[in-house]
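Let's take a friendly walk through a protein model. Have the sequence and the 3D view ready, and look for each residue as we come to it.

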Amino acid sequence: MTTDEELFDAGLAGAGEVRPVTGPVRPGERITTLQSPWHTTYCDGCGHTFRRGDRVRVDQGGAVRHTSSLLSCAGPADGGVNAEAEVLEFTEGLERTWPVRGELPIRRTEDEPHLLLGPIGGLRRHVCLFCAHTFRPGELVIVCPCQAGARRLCRRAVHRDPSQGLVCWETWSPASKLKVCPVMLTKLED
Ligand SMILES: [Zn+2]
Ligand SMILES: [Zn+2]
Ligand SMILES: [Zn+2]
């Protein structure tokens, strides 16, 4: 077993357990676990949250940045575009085989550009209503269908991407139905 896997397992074993942050974080390359002090905080580089499993680099001053070439904070990396294409291909494959229950359509984050907007004017990126993590390219989501006439209202979203370990929708709404907009609290049509 590699060190990475051990770190990751340690994170999984500690799920649900809240440990206080103790002392400064040692610089170096790390894998984000649930115990990482930076887990769920926002990256200054790309504006995305740090998730469990994210590879990061901690610098001497304690600042944390992603090292994944899929996120902009890591800077241009060899094969970055290819890696992204691979993720998309993988997701598309699973989307075809994964049965879709319920009426709400599954959307790709690229089809909902507002979800991928970078942080602007002090505003943070959009986050999932369930896990509170940011939306990344190539993820599948359910967008709240609330609308007034043809105008969509809240446009908030929840991950629905089991292939990437994002079971937010299934956990949040096991019946796969949304009766009330979670943001506007208006009743939704059946
Ligand atoms: Zn980042
Ligand atoms: Zn989520
Ligand atoms: Zn809504």
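This report visits a metal site, a histidine, and some aromatic residues in what is a predicted model.

## The zinc site

Start by finding the zinc ion (ligand 2). Its protein donors are C128 (SG), C131 (SG), H159 (ND1) and C168 (SG), and they lie 2.0 to 2.4 Å from the ion. How are these donors arranged around the zinc ion (ligand 2)? The site is tetrahedral, with angles of 104 to 116° among the 4 donor atoms. If you trace the donors along the chain, they follow the spacing C-x2-C-x27-H-x8-C.

Now compare where two of these donors sit. C128 belongs to the loop between α3 (113-116) and β5 (140-143), while H159 is in strand β8 (residues 157-159), so this pair ties together parts that are 31 residues apart in sequence. Are they buried or exposed? C128 counts as buried because its relative accessibility is 2%, and H159 counts as buried because its value is 0%. The cut-off used here for buried is under 20% relative accessible area.

## A buried histidine

Next, look for H66 in strand β3, which covers residues 64-66. H66 has a relative accessibility of 2%, so it counts as buried.

What does the side chain of H66 meet? It is joined to the side chain of D54 by a polar contact of 3.1 Å. Leaving aside residues up to four places away in sequence, H66 touches a whole list of residues, including C43, C46, H48, F50, R55, L71, C73 and R136. D54 is on that list of contacts too.

## Two tryptophans in one helix

How many aromatic pairs does a search of the whole structure find? The search finds 1. This pair is edge-to-face, because the rings of W169 and W172 have their planes at 65° and their centres 6.0 Å apart. For planes, the cut-off for edge-to-face is over 60 degrees.

Both tryptophans lie in helix α4 (residues 168-172), where they are 3 residues apart, or about one turn of the helix. W169 counts as buried because its relative accessibility is 1%, whereas W172 is partly exposed, with a relative accessible area of 30%.

## An arginine over a ring

For a last stop, turn to Y42. R124 lies over the face of the Y42 ring, at 3.9 Å from the ring centre.

Note on methods
Residues numbered from 1 in each chain as written. Chains lettered and ligands numbered in written order. Predicted model: local features only at pLDDT ≥ 70, side-chain atom pairs only at ≥ 80, totals over all residues. Heavy atoms only, no water. Helix = DSSP H or I, 4+ residues; strand = E, 2+ residues; numbered from the N terminus. Buried < 20%, exposed > 50% of the residue type's maximum accessible area, 1.4 Å probe, protein only. Polar contact = N/O pair within 3.5 Å; in protein donor to acceptor, adjacent residues only side chain to side chain. Contact = heavy atoms within 4.5 Å. Donors = N, O, S within 2.8 Å, 3.2 Å for Na, K, Ca; no water. Tetrahedral: all angles 85-135°; square planar, octahedral: opposite > 155°, others 65-115°. Phe/Tyr/Trp six-rings, centres within 6.5 Å; stacked < 30°, edge-to-face > 60°. Lys NZ or Arg CZ within 6 Å of the ring centre and 35° of its normal.
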